[in-house]
Amino acid sequence: QVQLVESGGGLVQAGGSLRLSCAASGSISSINTMRWYCQAPGKQRELVATITSGGGTNYADSVKGRFTISRDNAKNTVYLQMNSLEPEDTAMYYCYVDVWTTLGTYRGFWGQGTQVTVSS
């Protein structure tokens, strides 16, 4: 089994910054793509940022230039640096990680979510 533990959410004023972390542990052979999603109340979960095993990144248009996704492969951890936060960024943020497990299976795992609230 694979566990994802997220941290770093909180309450911040507009214009402020937060850094989210998502650490994977358990039956991991290797990690492929890592992603961050967000889900605001009453809305569908949306893809925010992606980072491949080779370090390639992609962002939703709404966060380009403000958010940066990165990863530490030695720690099996993905980060989301969130700058110039806006009230519209308020949401629950989830990491999603594609894993080759030690059992030889390949599947994705979700984190438990961390709340980000941006006040105006």
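Q: Why is the sulfur of C38 too far from the closest cysteine sulfur for a bond?
A: In this predicted model, the closest cysteine sulfur to that of C38 is in C95, 13 Å away. A disulfide needs the two sulfur atoms within 2.5 Å. The distance fails that cut-off, so C38 and C95 are not bonded.

Q: What makes C22 and C95 a disulfide?
A: Their sulfur atoms are 2.0 Å apart. The cut-off is 2.5 Å, so the pair qualifies. A search of the whole structure finds one disulfide. The link of C22 and C95 is right-handed, with 55° about the S-S bond.

Q: Which parts does the pair of C22 and C95 tie together?
A: C22 lies in strand 3 (residues 18-26) and C95 in strand 9 (residues 91-101). The parts so joined are 73 residues apart in sequence.

Q: Why is C22 called buried?
A: Its relative accessibility is 1%. Buried means under 20%, so C22 meets the term.

Q: How do you know whether C95 and C38 are buried or exposed?
A: Set each value against the 20% limit. C95 has a relative accessible area of 0%, so it is buried. C38 has 14% relative accessibility, so C38 is buried too.

Q: What makes A60 partly exposed?
A: Its relative accessible area is 21%. Partly exposed lies between under 20% and over 50%, so A60 fits. A60 is found in the loop between strand 6 (57-59) and strand 7 (67-72).

Q: Which residues is A60 in contact with, leaving aside its neighbours within four places in sequence?
A: L47 and V48. Contact needs heavy atoms within 4.5 Å.

Notes: Residues numbered from 1 in each chain as written. Predicted model: local features only at pLDDT ≥ 70, side-chain atom pairs only at ≥ 80, totals over all residues. Heavy atoms only, no water. Helix = DSSP H or I, 4+ residues; strand = E, 2+ residues; numbered from the N terminus. Buried < 20%, exposed > 50% of the residue type's maximum accessible area, 1.4 Å probe, protein only.
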